[in-house]
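Q: I would like a close look at the helices here, and at the residues in and between them. Please keep it brisk, and explain each term as you use it.

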Amino acid sequence: MNHSSSRIFARSWMIAVYVFLYLPIITLVVFSFNDSKLVTVWSHASTRWYSALLNDSDLISAVFLSLKIAFLSALMSVFFGTFTAFALHRYNSFRGRTLLSSMASTPLVMPDVIVGLSLLLMLVSVQNWLGFPERGLFTILLGHALLGTAYAAVVVTSRLREMDSRLDEAAMDLGCKPLQVFTLVTLPLLLPALVSAFLLTFTLSFDDVVLSSFLSGPGYSTMPMVIFSRARLGLNPTINAVATVTIVVVTVAVVASSFYQSHQERKRKREMALAYSDKNV
Amino acid sequence: MNKLPQFARKLFSGHKLVIGIPYAWFALLVAIPILIVLKISLSEMEMTSISKMIDWSHGWPTLKLNFASYQFIASDTLYVKTYISSLKYAIITTILCLAIGYPFAYFMARSPKHLQPMLLMLIMLPFWTSFLLRIYAWKTLLVSNGVINNILMSLGIIDAPLAMMNNSFSLLVGMVYSYLPFMILPLYANLSKLDIRYLEAAADLGTSPFKAFWLITVPLSKAGIIAGSMLVFIPAVGEFVIPELLGGPSTLMIGRVLWDEFFSNNDWPMAASVAVVMILLILVPMAMFNKAEAEQVEGKA
């Protein structure tokens, strides 16, 4: 009796948290199909805000800018994040390791306004000194890549920790050079982690408003910057339509990638089992 | 015979590169910028530029440190009040996230193994959709003619709309909502590794489940509690977007002050000083976070 009532309590607690997490998202989607100009009062279903979206050239060009920045910064994040993860995980006793690991975790926890302000002041100093970079796409990219590197390093590190380092050693025993070990053994094993790091950092960049606002120059408004400036003024049904489109795209991408990941994981386990059984024959 | 030293040398140079690249990257984008903020916080605005820190006008270098911005922050009660109120909201957010997130993570870690990946994905999924859009969604829910008020009024539960927007209620809803996954994930990572045999042993020895929870589960999940709390508390102190969209005139937050000093007043030394004081406030929590992280890694190894 007591056992089942505690289970009911656990279930309702969890359901309540999920409702809390999904209520705003569901509302956004439902009201994006509302015909009324008043965002919060339901009149009848329509897709007028989606057609308004198609004619919203400001927003559309902002979406393309955001996609471009997100793609490039995610590539940079995975690149630098992998190096960071290797430095922190594989060589875990060099001078200055603590400094590197605390620098790498700073963008994770430091409030965005501080990261944005400090990066901007640094870039302005460099600009005064060398004459570049001009504030714009490049500077936003740098800010997003910094944030992304910190996240990518966490994802890759946790994968490296689970990996069997004996595989690398075996490859080295068989005569692989360090770079070959990396490209032939480590990289394929790391691939799922690199894919999830790419997706995560892509989303982070696509979502960022604070760093972009500090680092962008005239003529460079990302999608979150446009949405933020409209949301500050009040409620706007086109935001609901944009939100629904992004939610659908992201959900499909996340679900697909998690299926891909679990598929890869099963495949890897099967191959491992096969490899070990071969050895016994 | 000489293959081995050559191999060692190659490994060594690769080793240097692997450490050197991230080092240069973070030094350029984290360490140097923070030092520049510190430097600018000690200068003052001269017309449109910032005063030079090293003055050569006498023919020799003199170091000019200007503490005016810090003095202003210390003497103006608005700044002090804003810092205190930011800390207050960050602490309340952390406590609420812990109160909601700990039981959740605990139940999730205890739910059937095959369901756990799906439950975890359901926590992560909102986290993948735009944070900005989710905060905007709360605006449509909470305003006086918003969705919640409309529903409650049409059901006859309330006669007049509840004031849920642009006050500390809406601010805290937004903050808890955005930061809850950051609390749940490290707690779940920690609690799912908890050895159930400790609890069975305690039960065999006659400990009540409630007592066992406080004496065993909570102490063993200490690293997760600290990591989760710091992941919520530190960014919450400097949060800008949530107070801007959901807060009101009464909810002072330091992130907004920094933003206004920079974008509206164009006072860079002041913005830098506000940032430096904020960094000092979160330095101790950050050290705690790093320590808890290291402990969790060691526990895993």
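A: Helices (H or I, at least four residues) and strands (E, at least two) are DSSP runs, numbered from the N terminus. This is a predicted model: local features need pLDDT of at least 70, side-chain atom pairs need 80 or more, and totals for chains, interfaces and linings use all residues. Residues count from 1 along each chain as its sequence is written, while chains are lettered from A and ligands numbered from 1 in written order.

Start with chain B. Its tally is 13 helices and four strands. Of its 301 residues, 43% are buried. Buried is a matter of counting: 20 or more other C-beta atoms, placed from the backbone, lie within 10 Å of the residue's own; 12 or fewer makes it exposed, and anything in between partly exposed. Contacts are counted too. Two residues touch if their C-beta atoms, again placed from the backbone, lie within 7 Å. Take the contacts in chain B between residues at least 6 apart in sequence: 71% of these join residues at least 24 apart.

Which helix of chain B is mostly covered? Look at helix 5 (residues 131–142) of chain B. Twelve of its twelve residues are buried. Phe131(B), Leu132(B), Leu133(B) and Arg134(B) are among them. So are Ile135(B), Tyr136(B), Ala137(B) and Trp138(B). Lys139(B), Thr140(B), Leu141(B) and Leu142(B) complete the list.

Now see two helices pack. In chain B, helix 3 (residues 77–110) meets helix 7 (residues 168–191) at an angle of about 45 degrees, and their axes are 7 Å apart. An axis is a line fitted to C-alpha atoms, for helices over the stretch in contact, and the angle runs from 0 to 180 degrees between N-to-C directions. Sorted by class, this contact has 23 nonpolar, two polar and no charged residues. Nonpolar covers Ala, Val, Leu, Ile, Met, Phe, Trp, Tyr, Cys and Pro; charged covers Asp, Glu, Lys and Arg; polar covers the others, Gly among them.

Next come two loops of chain B. The loop between helix 6 (147–154) and helix 7 of chain B holds Asn166(B). Its phi is near 55 degrees, a positive value in a residue other than glycine. Asn166(B) has 19 C-beta neighbours inside 10 Å, so it counts as partly exposed. The loop between helix 12 (254–263) and helix 13 (268–300) of chain B holds Asn266(B). Its phi is also near 55 degrees, again positive in a residue other than glycine. Is Asn266(B) buried or exposed? Asn266(B) has 11 C-beta neighbours inside 10 Å, so it counts as exposed.

Move into helix 13 of chain B and you find Trp268(B). It counts as buried because it has 23 C-beta neighbours inside 10 Å. From its C-alpha atom to that of Ile100(B) is 39 Å, and the two are 168 residues apart along the chain.

Now turn to chain A. Here helix 3 and helix 4 pack at an angle of about 145 degrees, with axes 10 Å apart. Helix 3 of chain A brings Thr84(A), Ala87(A) and Leu88(A) to this contact. Helix 4 of chain A answers with Arg97(A), Leu100(A), Ser101(A) and Ala104(A). These residues divide into four nonpolar, two polar and one charged.

Helix 10 of chain A has buried residues as well: Met223(A), Pro224(A), Met225(A), Val226(A), Ile227(A), Phe228(A) and Ala231(A). Just after this helix, Gly234(A) takes a positive phi of about 155 degrees.

Helix 11 of chain A contains Ser257(A). With 15 other C-beta atoms within 10 Å, Ser257(A) is partly exposed. Leaving out residues up to four places away in sequence, Ser257(A) touches Val195(A), Ser196(A) and Leu199(A). Val113(A) lies 144 residues from Ser257(A) along the chain, and their C-alpha atoms are separated by 32 Å.

Last, how do the chains meet? Their contact takes 64 residues from chain A and 72 residues from chain B. On the chain A side, the elements that give two or more residues include helix 1 (2–32), helix 6 (137–162) and helix 8 (178–207). Helix 1 of chain A gives the largest share of that side, 13 residues. By class, the side of chain A that touches chain B has 47 nonpolar, 13 polar and four charged residues.

Methods:
Expected span 1.5 Å × (residues − 1).
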